[in-house]
Amino acid sequence: MSQPLTCDVVVVGAGMTGAACALYAARAGLDVVVVDRGPVAGGTTGAGEGNLLVSDKEPGPELDLALLSLRLWAELAQELGRLIEYEAKGGVVVATSPGGLTALERFAAGQRAAGVVAEPVAGDELYALEPHLAPGLPGAVHYPQDCQVMPALAAAHLLRASGARLHTSRTVTDVLRRPDGTVLGVRTDRGDIHAPSLVNAAGTWGADIAALAGTTLPVLPRRGFVLVTEPLPRRVRHKVYAADYVADVASDSAALQTSPVVEGTAAGPILIGASRERVGFDRSFSLPALRALAAGATRLFPFLADVRALRAYTGFRPYMPDHLPAIGPDPRVPGLFHACGHEGAGIGLSTGTGHLIAQVLTAKNPDLDLAPFRPDRFAEEAV
């Protein structure tokens, strides 16, 4: 039997959140090993658009985490900006009716009170920001803090910058615990890894890691599709979405929901989202979902009717019943820490999550109150 690897903390998951946990834990002086059954960014991260958003979050714990994360992303952009395709492009949330504009402006007023820059845009001013939008829209709110990265690149470069030992194509088969119940490490299909601290950054599969540790976490997959167009000159300048996207994010419905989200990329293709439905881990191609995405996008940007979609891809957002991630120590299993369940916001929230995890791993007071993110906040019947 080979000797186990040893380290201070083992991170399960080499997606964006696991990469951020590894980076900040390593920079706090810890020896980190990252393990993933697939490649870097092989799960939800690789199927994401790379949004770093405050525009879609109402005041509360998630917005506080988003603002912390944006500050940390801006610091990382000084170090890695071009490598990760960091773009401080801003977001434009468009109302499609006068009543919708009133509701959007009320929502933005609450965000401003919480520290978000949210600038009202009258209908006649909207086309200076986005000249190719459909005519006659009543107005919008401009969010200059919204940014974007290329998620797979970002995860890879954060892992590289961390200096953590990375073990891909290595499946965790059990969580090892001492007789007193505290974490000893993990068993994998290629040997044991011993560490007194385990960070569950397995995203949509976070419930499986929790179960191996003898506890529960109610993470469920919520499927989404993204359409990718042919490369184009920059005709969509910001991340642009219809105001009803915010309601879809907050919805508990399992049924298919689509609301148009359109953005250009540094490489040229336009990304078109966003669909949401709870269908388990069903990867089946859904023509109704893609038709709805295309129709919504062309309502916002009529020129897209003449643009070819080259491909579509699908992924699973790690959905939690109250739409907040699990971040921090699990009091039921000493040595187990969770960093998963961010739904569609994981790229944006990853830096703040990793920073907070590193603080609690090193017995520092976290910059945010972790009580709303407690892993054990759910009644057993919800799990």
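The following exercises, each with a worked solution, concern a predicted model of a protein.

**Exercise 1.** Determine how many helices and strands the protein has, and why it may be called as compact as a globular protein of its length.

*Solution.* Step one is the inventory: the protein has 9 helices and 20 strands. Step two takes the radius of gyration, which is 21 Å. Step three sets this value beside the globule rule, which gives 21 Å for 383 residues; the two are close, so the protein is as compact as a globular protein of that length. For its extent along the principal axes, the C-alpha atoms fill a box of roughly 70 × 45 × 40 Å.

**Exercise 2.** Describe the burial, contacts and surface of the protein.

*Solution.* Begin with burial, for which the cut-off is under 20% relative accessible area. Buried residues account for 57% of the 383 residues. Next, consider contacts between residues at least 6 apart in sequence: 75% of these join residues at least 24 apart. Finally, the exposed area is about 15,100 Å², of which carbon and sulfur atoms supply 54%.

**Exercise 3.** Establish the strand order of the open sheet of 4 strands, and explain which strands have one side left without a neighbour.

*Solution.* The order is E1-E12-E11-E10, and the pairing is mixed. Strand E1 (5-6) and strand E10 (172-177) stand at the edges with a single partner strand each, so one side of each has no neighbour in the sheet. Turning to the pair E11 (residues 183-188) and E12 (residues 191-194), the strands run antiparallel and are joined by 4 bridges. One bridge partner to locate is that of Thr188, namely Gly191 in E12.

Notes: Residues numbered from 1 in each chain as written. Predicted model: local features only at pLDDT ≥ 70, side-chain atom pairs only at ≥ 80, totals over all residues. Heavy atoms only, no water. Helix = DSSP H or I, 4+ residues; strand = E, 2+ residues; numbered from the N terminus. Rg over C-alpha atoms; globule rule 2.2 N^0.38 Å. Buried < 20%, exposed > 50% of the residue type's maximum accessible area, 1.4 Å probe, protein only. Contact = heavy atoms within 4.5 Å. Areas by Shrake-Rupley, 256 points an atom, 1.4 Å probe, with all protein chains shown as cover. Pairing = 2+ DSSP bridges.
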